[in-house]
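Open the model in a viewer and keep the selection panel at hand. The stops below run from one DNA strand, through a helix pair, to the other strand.

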Number of protein chains: 2
Amino acid sequence: MPGIHEVARLAGVSAATVSRALSGRGSVSPATRARVQAAANELGYVVSSSASGLATGRTRNVGVVIPFLNRWFYGAVVEGAESALLEQGYDLTLYNLGGSDEERRLVFEHFLLRKRVDAVIAVSLELTPDEVKRLIDLDKPIVGVGGPLPGVRTLSLDDVELGRLATEHLIALGHTEIAHIGGDALEMDFHLPTNRRHGYVEAMEAAGLHAHDHHFHAADFTMEGGYRAAKQLLGNPVGRPSAIFAASDEMAIGAILAAKDLGMHVPGDVSIIGIDDHELAEFFGLTTIAQFPDMQGRMAVEVLMDELHPGHREAEELNIDLPFELVVRSSTARR
Amino acid sequence: MPGIHEVARLAGVSAATVSRALSGRGSVSPATRARVQAAANELGYVVSSSASGLATGRTRNVGVVIPFLNRWFYGAVVEGAESALLEQGYDLTLYNLGGSDEERRLVFEHFLLRKRVDAVIAVSLELTPDEVKRLIDLDKPIVGVGGPLPGVRTLSLDDVELGRLATEHLIALGHTEIAHIGGDALEMDFHLPTNRRHGYVEAMEAAGLHAHDHHFHAADFTMEGGYRAAKQLLGNPVGRPSAIFAASDEMAIGAILAAKDLGMHVPGDVSIIGIDDHELAEFFGLTTIAQFPDMQGRMAVEVLMDELHPGHREAEELNIDLPFELVVRSSTARR
DNA sequence: ATGAAAGCGCTAACAT
DNA sequence: ATGTTAGCGCTTTCAT
């Protein structure tokens, strides 16, 4: 492990010049820079992040805090963020809050505070005002993905609009008896399931249709949950819906399997639409509304970089709406 | 952000004593330790990892290098490792090598070397001797998960045995025409698919059965790949197998769906077994051989901790065999 | 058991 | 454009 002084010696300059040449800060003549770079390469020199971090207060590392890792959506967000960070020369330190409250407390009270990260990306987490304050007091930019956070820059989907769009797609195909498989409002942050349901209800009412109570089923956002809910919905001889809007693709896929197991054809007997564009959606021919989680991760990094290295442009809106797109496949059809 | 000196002042001791009291290294009277701890709590003091890292050379951070994040298996390994590391007061910095070779080079030549991590966990990655050497030269312990790595402590499955066990399960149920959906040997590190296939062939031959060439199909470890391979296998009117052993659960689930789409019953018309115990395996009633990826992540951390804080016990085997377990559900039955 | 002091490897003023 | 110097905040000898 050669240090900066060895590079300096080999290049015939001072350590300060090496630092300047390698970091790009401060002015160095092109010739010197080249010599320094050659020397650094020859020795295989890499700065010590501890030393550099101590001297500058910057670590070139960002913390990503997520509620689960092992769901398609979160994995994709992290993947997008990681690759964007790598391009910028940043590392990504991961905090999975899936476990206990104690774990969450530890992360916020110790891990994030030990000056290991320059900034934090919080995915689908409703941070408490106290948690936000702690980070802001430390001068650490935060960006949230997945829901507005008071006083924090966030990227989020308009879930009401998503619910409306999915429902309108079904209505436009002539469906009137449309069921909804949503989530339990209490289970997830940001009332995402509630908002999607609102969009569904609004679209129904706007079309003069009725969103019957017996056409709503709560599930847990898993394939199995969607399967069970759809069995209930489709098995009931009275008031059987001709279309189902599930609040996630995994639930929608569960619904497709339930329909098949009941001997029904999709979309012949029942149309099904989800939300996500999950990696399995194409395989199942699922019509869905794509959100682009890896891009969300990349966007979060871009927003952070703007805050970390100001100058590009000034902060516009505090909250940025994420794009989404209806992807029509073969699980929905005219009634 | 209070520093160590403010804690020292409040506790009425020197900074050195605070350091000793909080880290547990060196001797401090119980009374002093209590006062220091109280002072630290009151001020919300947390050590600066840069400063501590610079002074000690230890960062309390482990790098985890994986080929993809967004597959069930890898997500679970990382999840297990993350939570085990958190318990030990360590952070986890993630490097996803899914992208280009350039990305991989960057990670090994820069990121891992800038003294940000104390150790490395490499999941399912065949590190080159040069990559291993770089890390060892830096005195960074490495543990590999998923395949023996020359000169590195590793945790790995006996894939030949896995293939044999899966096949023997089918043979014991009376099947003789057993097909195998494997992977492309070139695609994955460690010849995992090849080894599983060897186990299959060995079990067949040991039972006096023949592993026909037309009973093997390569696929890409996805559900869709498994679906397509199974369609070929089951659609062929001559030599149709009565059982299929797929080298992964995702492919096995694809095979189940293919059988259903062909109007066949599982396990009535065809028995199907996979490997993994994927999160969806239970839902599909899939018989499988469970490996326990989250536990693998935890074990990797334990092995690392042994290397990082020697004393517990000395290194036994270089390679540790991972446990696995046949889980019989409803996708396999007597012929 | 505790304190004083040196130093980990780098960066950023300040000089020149 | 480059060198000199003084820290960044902590840990760890070395004294006592």
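Select DNA strand C and the protein residues near it (a residue is near a strand if one of its heavy atoms lies within 4 Å of it). The selection holds 24 residues, and the closest are I4(A), S19(A), R20(B), S27(B) and T32(B). This is a predicted model, in which local features need pLDDT of at least 70, side-chain atom pairs count only at pLDDT 80 or more, and totals for chains, interfaces and linings use all residues; side-chain values use heavy atoms, with hydrogens and water left out. Residues are numbered from 1 along each chain as its sequence is written, while chains are lettered from A and ligands numbered from 1 in the order in which they are written.

Now pick single residues around strand C. In the side chain of R20(B), an N or O atom is 2.7 Å from a base nitrogen of the strand. S27(B) places a polar side-chain atom 2.4 Å from a phosphate oxygen. At A55(B), a backbone N or O atom lies 3.4 Å from a base oxygen. Two or more residues each come from α2 (15-23) and α4 (49-56) of chain A, and from α2 (15-23) and α4 (49-56) of chain B (helices are DSSP runs of H or I, at least four residues, numbered from the N terminus). α4(A) gives the most, with four residues. Of the strand C atoms within 4 Å of the protein, 69% belong to sugar or phosphate and the rest to bases.

Next, select α4(A) and α4(B). Their axes are 8 Å apart and the packing angle is about 135° (axes are lines fitted to C-alpha atoms over the stretch in contact, and angles run from 0 to 180 degrees between N-to-C directions). S50(A), A51(A), G53(A) and L54(A) meet S50(B), A51(B), G53(B) and L54(B) here (contact means heavy atoms within 4.5 Å).

Finally, move to DNA strand D. Which residues come nearest to strand D? Of the 24 around it, they are S14(A), S27(A), T32(A), I4(B) and S19(B). Three phosphate pairs can be inspected in chain A. A backbone N or O atom of S14(A) lies 2.7 Å from a phosphate oxygen. For T17(A), a side-chain N or O atom is 2.8 Å from a phosphate oxygen, and for S27(A) the corresponding value is 2.5 Å. On this side α4(B) supplies the largest share of the surface, four residues. Sugar or phosphate accounts for 65% of the strand D atoms within 4 Å of the protein, and bases for the rest.

Notes:
A polar contact is a pair of N or O atoms within 3.5 Å; within protein, one must be able to donate a hydrogen and the other to accept it, and residues adjacent in sequence count only if both atoms are side-chain atoms.
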